[in-house]
Amino acid sequence: MMRKTVILAAAFAVAACGKSPAPETPEAEVKGVITSEALEGHVAWLADDAREGRMAGQPGYDAAAQYVADRFEEFGLEPGGEDGGWYQQVPLVSYRADENSITMVAHRDGQDKAFEYKEDFTMGGDKVRESTHVRAEVVYVGFGVHAPEHGYSDYDGIDVEGKLVAAFGNAPGILPTTERAYYSSGRTKSQEAIKRGAVGFVGLVSKRAEEYFPWERVKANAGVRPGMAWISITGEAADYFPELEGGAYINVDVARELFAGTPISFDEARAATEESRPASTPLGFELTLARNTSIEQITSPNVVGIVRGTDPELADEYVVYSAHLDHNGFGPEVDGDRIYNGAYDNAMGVSLMLEAARAFAANPPRRSVLLVAVTAEERGLLGSDYFAHYPTVPTESMVANVNLDMPLFLYPLADIIAFGSQHSSLEGVVREAIATEDFELTPDPMPEENIFRRSDQYSFVRRGVPAVFLVPGYTSSDPDIDGESIVKDHRKNHYHRPSDDMTRTFDWDSALRFARANVQIGRSIADTDERPSWNEGDFFGEKFGGN
Ligand SMILES: [Zn+2]
């Protein structure tokens with residue numbers, strides 16, 4: 001994320017064309033409107049134990065949705081949901097494998113060996129079928145990535161027709177960051193495998209996964225929460241691949257055992273992926289994967305509000321803010337606590353969005369601003385993907401998406417990362433806007449995490465809308481503070497755990513500056529004549545943006 005495309009600052013563009021006067025010192029205006037007390041109040045309410053972790057489809061989430069709708073109403077927004085209301089109901093399938101039915105058996109040299117669910121492997125349910133059963137040969141395919149334009153393929157000379165493919169998560173480190181994010185997605189990998197006739201997936205544990213999500217945690221979380229998918233207006237479960245008849249995630253010891261006696265050992269295979277070296281090979285044994293699934297249909301709302309723009313020619317175009325309102329509900333107990341409050345993930349993002357709504361409503365820009373609190377992000381970006389497929393305003397009218405997810409204010413901040421900004425004209429806009437609050441724009445410091453694909457902005461990117469995902473950077477204004485180690489500690493020890501609650505550290509002054517910078521970004525986009533555009537030849541622009 002290092003390319004730079006500096007464009008004229010939005011404020012200058014507006015001033016130069018003289019079309020409509022830029023508000024006198026908008027930052028100063030915003031300064032009186034947003035307060036750190038208000039930011040803290042929203043986070044504390046949304047992350048309260050009474051919300052029970054805001055699981056999509058559960059009462060705690062519904063109460064949080066009502067809270068957001070009430071704030072939108074209080075600030076004077078227009079309802080932007082269905083039928084003139086605040087909500088867009090998202091139809092979902094909620095599915096869960098019946099644990100007693102889950103089966104994994106290896107067959108080799110006439111011997112069968114059954115493995116133990118949770119100890120040896122985990123398995124989710126099927127989105128549509130109540131029962132699946134598959135027995136097939138296993139072929140090791142590295143990452144399961146085919147990226148010939150970068151001279152990389154795990155499938156060259158490998159036949160997987162009618163086979164189960166065994167693969168690591170992520171994508172080879174030699175790919176550019178952006179492409180790596182795209183190729184590491186389960187959707188991309190499933191499509192590639194299906195095209196080649198594969199019938200299922202066996203997930204392998206990478207070194208990184210072993211460190212950040214050790215098997216003890218995999219085991220503790222297995223089967224605790226349902227899987228979900230949104231349902232299209234024609235009644236189909238989204239991103240459903242019926243060709244894949246089974247899937248399992250196997251622990252390192254089992255992988256070592258299964259790979260023994262095959263052309264490659266598990267550790268050799270894993271070392272090859274770390275070097276971006278394809279080492280695909282048939283493994284010479286078969287696996288049976290089977291399970292029954294309980295499936296129910298539920299709904300959970302996105303909450304949508306609109307601040308109407310002031311320019312008659314631009315008011316039908318929208319700058320879209322998004323932040324996921326759901327979190328992980330109840331989960332495995334840690335230190336006597338089983339409520340996953342999600343204070344940072346993502347009560348904080350919603351709080352910033354609410355205060356942006358307040359600031360825009362107090363002083364509307366030229367274009368309209370649409371703010372959507374989305375559901376079921378934690379279940380796979382479902383609410384945002386549904387909204388992006390069935391937007392309550394025309395797709396072409398959405399000029400940009402600004403997404404907020406888990407902004408960490410663990411120390412006094414000096415910089416901001418805008419994931420994805422380097423793909424479009426938004427990079428220049430963001431840099432200028434955040435400078436008003438003395439923030440610097442820093443490139444993605446952790447490309448291996450594929451963050452740009454892992455939150456709701458990606459749903460908009462896939463519909464061709466230029467997007468940025470804003471989070472605080474690693475640099476503190478206090479030179480004695482090592483921001484990177486503090487963020488890494490949070491990701492390792494508090495992210496997606498019950499301790500992501502109000503007992504964490506919050507630098508509310510940094511949150512306030514970030515909130516104002518966030519408003520300034522949207523204001524720049526909304527007040528500039530030209531709408532944001534994908535950069536010439538950009539990977540996402542070409543793939544999804546039709547340019
Ligand atoms: Zn999360």
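Is E378 buried or exposed? In this predicted model, E378 is buried, because its relative accessible area of 15% falls under the 20% limit.

**The zinc site**

E378 contributes two OE donors to the zinc ion, alongside D345 (OD) and H496 (NE2). These protein donors lie 1.9 to 2.6 Å from the metal. Along the sequence, the donor residues follow the spacing D-x32-E-x117-H. D345 and E378 thereby link distant parts of the chain, standing 33 residues apart. D345 belongs to helix α11 (residues 343–362), whereas E378 sits in the loop between β17 (368–374) and α12 (382–389).

The table gives the burial of these two donor residues.

| Residue | Relative accessible area | Class |
|---|---|---|
| D345 | 2% | buried |
| E378 | 15% | buried |

The angles subtended by the 4 donor atoms around the zinc ion run from 55 to 146 degrees, and the arrangement is therefore irregular. A tetrahedral assignment would require all angles to lie between 85 and 135 degrees. For reference, the ideal angle for four tetrahedral donors is 109.5 degrees.

**Packing of the helix that carries D345**

Helix α11, which holds D345, packs against helix α16 (residues 508–527) at an angle of about 55 degrees, with the axes 9 Å apart. That angle makes α11 oblique to α16. The crossing of α11 past α16 is right-handed. On the α11 side, the contact involves M348, L352, A356, A359 and F360. Their counterparts in α16 are W508, A511, F514, A515, N518, V519, G522 and R523.

Conventions: Residues are numbered from 1 along each chain as its sequence is written. This is a predicted model: local features need pLDDT of at least 70, side-chain atom pairs count only at pLDDT 80 or more; totals for chains, interfaces and linings use all residues. Side-chain values use heavy atoms; hydrogens and water are left out. Donors are N, O and S atoms within 2.8 Å of the metal (3.2 Å for Na, K and Ca); water is not among the atoms, so sites may look incomplete. Four donors count as tetrahedral if all angles lie between 85 and 135 degrees; four count as square planar and six as octahedral if opposite donors are over 155 degrees apart and all others between 65 and 115; anything else is irregular. Helices (H or I, at least four residues) and strands (E, at least two) are DSSP runs, numbered from the N terminus. Buried means under 20% relative accessible area, exposed over 50%, partly exposed in between (1.4 Å probe, protein chains only). Axes are lines fitted to C-alpha atoms, for helices over the stretch in contact, and angles run from 0 to 180 degrees between N-to-C directions. Angles under 35 degrees count as roughly parallel, over 145 as roughly antiparallel, 65 to 115 as roughly perpendicular and the rest as oblique. A crossing is left-handed if the near helix is turned anticlockwise from the far one by less than a right angle, and right-handed if clockwise. Contact means heavy atoms within 4.5 Å.
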